[in-house]
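Where does the ligand sit, and what surrounds it? Keep the model open as you read. We start at the ligand, then turn to the pockets.

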Amino acid sequence: MRKKVIAGNWKMYKTPDEAKAFVEALLPLVKGHTRNEIVICPSATSLSTVVETAKGSNISVGAQTVHWLDEGAYTGQTSPKMLTAIGVTHAILGHSEPRTHDSETDERVNLKLKACVKHGIHAIVCIGEQLEERQQNLTRDVLLAQLAGGLAGVTPDMADNFVIAYEPVWAIGTGLTATPEQAEEAHTIIRTALAQHLGEDVAAKMRILYGGSVKPGNIAALLAMPNIDGALIGGASLVAEDFAKMVKYEA
Ligand code: PGA
């Protein structure tokens, strides 16, 4: 059985005060919940606040990106060493927004993934096709290329340190969710490719999350699919009550 991961990606929303209020509202709602893993990824300015507020709870805290070096002359960047120093345990890599706006590439995802492994940060490695690629029947090719690039040189012993998130770009923030069948088809392609890269056993254990307009009303149907092992949730993760509903969704 793969334990499901319910992760909130807050993107560029919430000040530290708003983040604190969210966690204070969420804590009683998910108290004692152990069935699914809970991760919140606030923006950089709220990481410390969320770590402090969630301390001792079942909530883990992730960054939305990370550099691959420990330190250096890289204005604007945050290193894995800096994140672990403040209690951050997870990081999102390869999200389509930085792929579009901030020159995130498969090569960089690969460097960052290896840096996360080195520092014991759990990476959420995002991959996914654009609408035109799906329309041209290229979904499979895109997923295989992103996996090959992102996982180059990654070995089976690193596999406990990351999960994959399938995020079709056309479904992110659009309200257009992949159907459970579309998502399952992509997840099956990903799991088969993981078996080729890292072996059958590792692939069978690897969690593959779905992301793209997940909401309280559609999470159960998506996560009922055999190869969907969690959700990476943007917009609908911003309200504590909604996020709690998704953490505790009933199968
Ligand atoms: P969304 O975002 O849930 O708002 O579509 C998902 C994501 O970008 O991870």
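A polar contact here is a pair of N or O atoms within 3.5 Å. With that cut-off in mind, look at Gly235 in this predicted model. A backbone N or O atom of Gly235 lies 2.8 Å from an oxygen atom of the ligand. Gly173 also contacts the ligand through its backbone: one of its N or O atoms is 2.6 Å from a ligand oxygen. Glu167 uses its side chain instead. There, an N or O atom lies 2.7 Å from an oxygen atom of the ligand. How much of the ligand does the protein bury? Alone, the ligand exposes 280 Å², and 95% of that is buried by the protein.

Now widen the view to the shell. It holds 13 residues. Lys11, His95, Glu167, Gly173 and Ser213 are the closest to the ligand. By class, seven of the shell residues are polar, four are nonpolar and two are charged.

Next, find Ser237. This residue sits in the loop that runs between strand 8 (230-233) and helix 11 (240-247). Is Ser237 buried or exposed? Ser237 has 0% relative accessibility, so it counts as buried. Its side chain has a partner: a polar atom there lies 3.1 Å from the backbone oxygen of Ile233.

Turn to the pockets. The largest encloses about 790 Å³ of space. Its lining has 27 residues. Nearest the centre of this pocket are Gln64, Thr65, Val66, Pro98 and Asp102. Three helices each give at least two residues to the lining: helix 3 (80-85), helix 4 (96-101) and helix 5 (106-119). The lining of the largest pocket is mixed in class, with 11 nonpolar, 10 polar and six charged residues.

The second largest pocket has a volume of about 280 Å³. It is lined by 17 residues, and Ala159, Asp160, Asn161, Phe162 and Arg207 are the closest to its centre. Which elements supply at least two residues each to this lining? They are strand 5 (122-127), strand 6 (162-166) and helix 9 (200-205). Strand 5 gives the most, with three residues. By class, the lining of the second largest pocket has nine nonpolar, five charged and three polar residues.

Key: Residues are numbered from 1 along each chain as its sequence is written. This is a predicted model: local features need pLDDT of at least 70, side-chain atom pairs count only at pLDDT 80 or more; totals for chains, interfaces and linings use all residues. Side-chain values use heavy atoms; hydrogens and water are left out. On a 1 Å grid over the protein atoms alone, a cavity is a set of points where a 1.4 Å probe fits but cannot get out, and a pocket is an open set with protein on both sides within 12 Å along at least five of seven lines; lining residues have an atom within 4 Å of a point. Grid points are joined across faces, edges and corners, and a volume is the space filled by probe spheres set on the points. Helices (H or I, at least four residues) and strands (E, at least two) are DSSP runs, numbered from the N terminus. Ala, Val, Leu, Ile, Met, Phe, Trp, Tyr, Cys and Pro count as nonpolar, Asp, Glu, Lys and Arg as charged, and the others, Gly among them, as polar. A residue is near a molecule or strand if one of its heavy atoms lies within 4 Å of it. A polar contact is a pair of N or O atoms within 3.5 Å; within protein, one must be able to donate a hydrogen and the other to accept it, and residues adjacent in sequence count only if both atoms are side-chain atoms. Accessible areas come from the Shrake-Rupley method with a 1.4 Å probe; for residues, only the protein chains shown count as cover. Buried means under 20% relative accessible area, exposed over 50%, partly exposed in between (1.4 Å probe, protein chains only).
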